[in-house]
Amino acid sequence: MAKEVSLREAYGKTLVELGRENPDIVALDADLCRSTMTQFFALKFPERFFDCGIAEQNMVGIAAGLAASGKIPFASTFAVFAPGRCFDQVRMSIAQPRLNVKLVVTHGGISVGEDGTSHQSIEDLALIGSLPGFTIIVPADAMETAQAVRAAAAHFGPFYIRLCRPKLPLVHEQGYQFNLGKAVTMRQGGDATIIAIGLMVKEALEAAESLKREGIDCQVLNMPTLKPIDEAAITQAAAETGAIVTAEEHLEHGGLGSAVARVVARHQAVPMELVAIKDTYAKSGKPAELLERYGLTARDIEQAVRSAIKRKRLGASRP
Amino acid sequence: MSLPERCKPSSTSAKGVKAEVFSSSASFAEMEAIAKRLRRHIITMIGKAGSGHPGGSLSAVEILTALYFKVLRHKPRDPQWSDRDRFILSKGHAAPVLYATLAECGYFPVEELLTLRQLDSRLQGHADRTVTPGVEMSSGALGQGLSFAIGVALAGRLNAKDYRVYVLLGDGECDEGQVWEGAMAAAHFKVGNLVAIVDNNGQQIGGWNRDVMNLEPFNKKWRAFGWQVIEVDGHSIPQLIDAFDQSKKIKRQPTVIIAHTIKGKGVSFMENNPDFHGKAPNTEEVKLALKELE
């Protein structure tokens, strides 16, 4: 098993580096800096750090005002609270005026675990994805997190970066280069393509390895930039493998699966299966137990791949 | 959607424009005359548009007149001038009074006021910072301006700029919880370069504040949140200017000016009439109103 590394720590450390390089970088939090790891920045640059207390709406507004005045604010809390607690503020104070605010949220998805439903963000990608102009990144490991945070600082406009709570094994090789807006081919294969984000990338790789033993050869794409999504990579994968499975730690509605399906439907219609949470809330439990209960494991991906391939063959045998 | 562009060094002012700091030598009498012109613009433009919010624009006329023609340091030909004082309209439905004021200052031609609310006009139904020169913030979803203003004020402090930030709230807007989140934070961060003005006309869309949602004791609420509180007659330009002067004397505390106003001020049949919160005058009413404002 590869060594597991915290995405949140990667964020916190990268933010300190950015703060050192650029005096216009500022950070905000809503009383969660010890969990989101903006505390590293707070300790180094106290005059550029604003703890807004448990008041996410106000935090978003202050971040917007700082951005409108030339600062590059990184605002952090749990994914369930931003956008959940401040959607209209994100919409009117950040998205509509296209301000240069970076929302980096942690504890996304159900892998937050024992805290239960109130803390499990399973709608955030749909909410932020609906806002014109937002760039969304869901990194798959700590290395990708660090580079995604740097990309957000280097590019103008609103960004949403969603991190999960658990540490994750590194899925990328040393020397990996994150490219904004580009899918990453993690594994080649001709029978089907698995497209995954966040902690589901490791599950996708495990599924592909397991399917290989059955003689099924899967391509695996990591899609760190959820929006704007890499349409060319999806279209090519659909054309080359004829079956697509998406895997995400989010509701089926409005997340990765929906985004990929829009591209597939428009450019290259092929059978598709979605591994995602099915129109329900989760509950308290250990992260691994929850991922299993709600159908987000390598086994679930394998099953989805078999279904997609079956449909592909059925389609091919039709006159 | 395409990928975002790489950040470029920001330019702080328009190039090739000889922009002057707005001269603020207007006398009280001249400002009274300007206020009357603003009221005429408000009636005319909302009447032409056929929809809009006259009541809360008319109540704020003297507040904006005092700010733009005496208090603010600004350059109408260079709206992005980095040293400008900032005026943020949080009660975005009062966009007509802001548009009229900006036009009178020279941010854009006065004739453009007649395009209010038309497709592709720079004068949107509610304030929109992406299209209108001089508009600092997109607003209309109530409760968001104070937080934004705090961010602008904090940036000024970080950048060692001496600009001041003024934000206009409605009293009804203060029903929104975010206003009080902002009130708490502004005092906590000791934002002394921030002045909130409440256009305290006593009414909101559903009627009198006290019937819809009681705000009293309003003054004490702000004081309890850590603000310097000044109460003035919001239709008295000298009182407003005095209050703005006084706000500068306290350095590490935000100031709120509770400006007691009359909704629909200046047009008899609109005064204290909540029907004209969000209803345009018809042709006949426009004529009557303009006659009163001669």
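Two strands count as paired if DSSP finds at least two bridges between them. Strand 9 (residues 184-187) and strand 11 of chain A clear that bar, with three bridges in the antiparallel sense. This is a predicted model, with a chain A of 319 residues and a chain B of 294 residues. Here's a quick tour: the two chains overall, then the domains of chain A, a few local spots, and the place where the chains meet.

**Chain A overall**

- Chain A holds twelve helices and 14 strands.
- For 319 residues, a compact globule would come out with a radius of gyration near 20 Å, and chain A has 19 Å, so the two agree.
- Along the principal axes, the C-alpha atoms of chain A fill a box of roughly 65 × 40 × 35 Å.
- Buried residues account for 61% of the chain.
- If you take the contacts in chain A with a separation of 6 or more, 79% of them are between residues 24 or more positions apart.

**Chain B overall**

- Chain B comes to ten helices and seven strands.
- The globule rule works here too: 294 residues would give a radius of gyration near 19 Å, and chain B has 18 Å, which agrees.
- Its C-alpha atoms take up a box of roughly 50 × 50 × 45 Å along the principal axes.
- Of its residues, 49% count as buried.
- Among contacts in chain B with a separation of 6 or more, 76% come from residues 24 or more positions apart.

**The two domains of chain A**

- The domain assignment splits chain A into domain 1 (4-169) and domain 2 (184-317).
- Their C-alpha centres lie 26 Å apart, and the contact takes 27 residues from domain 1 and 28 residues from domain 2.
- On the domain 1 side of that contact, at least two residues each come from helix 6 (124-129), strand 6 (135-137), helix 7 (142-154) and strand 8 (168-169) of chain A.
- By class, that domain 1 side has 15 nonpolar, nine polar and three charged residues.

**Strand 11 of chain A and its partners**

- Strand 11 (residues 218-222) is mostly covered, with five of its five residues buried.
- In a regular strand, side chains alternate between the two faces of the sheet.
- Here, A:Cys218, A:Val220 and A:Asn222 point one way, A:Gln219 and A:Leu221 point the other way, and all are buried.
- In the antiparallel pairing with strand 9 of chain A, A:Thr185 has A:Leu221 as its bridge partner in strand 11.
- Strand 10 (residues 192-196) of chain A runs parallel to strand 11, and five bridges join them.
- A:Ala192 has A:Cys218 as its bridge partner in strand 11.

**Helix 4 of chain A**

- Helix 4 (residues 56-68) has 13 residues, which should span 18 Å at 1.5 Å a residue; its end C-alpha atoms are 18 Å apart, so that agrees.
- All the way along, 13 of the 13 residues are buried, so helix 4 is largely enclosed by the rest of the structure.
- After helix 4 comes A:Gly70, whose phi is positive, near 95°.

**A:Gly113, a loop residue**

- A:Gly113 lies in the loop between strand 5 (102-105) and helix 6 of chain A.
- Is A:Gly113 buried or exposed? It counts as buried because it has 21 C-beta neighbours inside 10 Å, and the cut-off is 20 or more.
- A:Gly113 and A:Ser284 are 171 residues apart in sequence, yet 5.9 Å apart in space, C-alpha to C-alpha.
- Leaving out residues up to four places away in sequence, A:Gly113 touches A:Gly285, A:Lys286, A:Pro287 and A:Leu290.

**Where chain B meets chain A**

- The interface puts 28 residues of chain B in contact with 32 residues of chain A.
- Which elements give two or more residues to the chain B side? They are helix 5 (145-158) and helix 6 (177-188) of chain B.
- Helix 5 of chain B brings the largest share of that side, ten residues.
- The chain B side divides into 14 nonpolar, ten polar and four charged residues.

Notes: Residues are numbered from 1 along each chain as its sequence is written. Chains are lettered from A and ligands numbered from 1 in the order in which they are written. This is a predicted model: local features need pLDDT of at least 70, side-chain atom pairs count only at pLDDT 80 or more; totals for chains, interfaces and linings use all residues. Helices (H or I, at least four residues) and strands (E, at least two) are DSSP runs, numbered from the N terminus. The expected span of a helix is 1.5 Å times one less than its number of residues. A residue is buried if 20 or more other C-beta atoms lie within 10 Å of its own, exposed if 12 or fewer, and partly exposed in between; C-beta atoms are placed from the backbone. Two residues are in contact if their C-beta atoms, placed from the backbone, lie within 7 Å. Ala, Val, Leu, Ile, Met, Phe, Trp, Tyr, Cys and Pro count as nonpolar, Asp, Glu, Lys and Arg as charged, and the others, Gly among them, as polar. Domain bounds come from an automatic or database domain assignment. The radius of gyration is taken over C-alpha atoms; the globule rule is 2.2 Å times the number of residues to the power 0.38.
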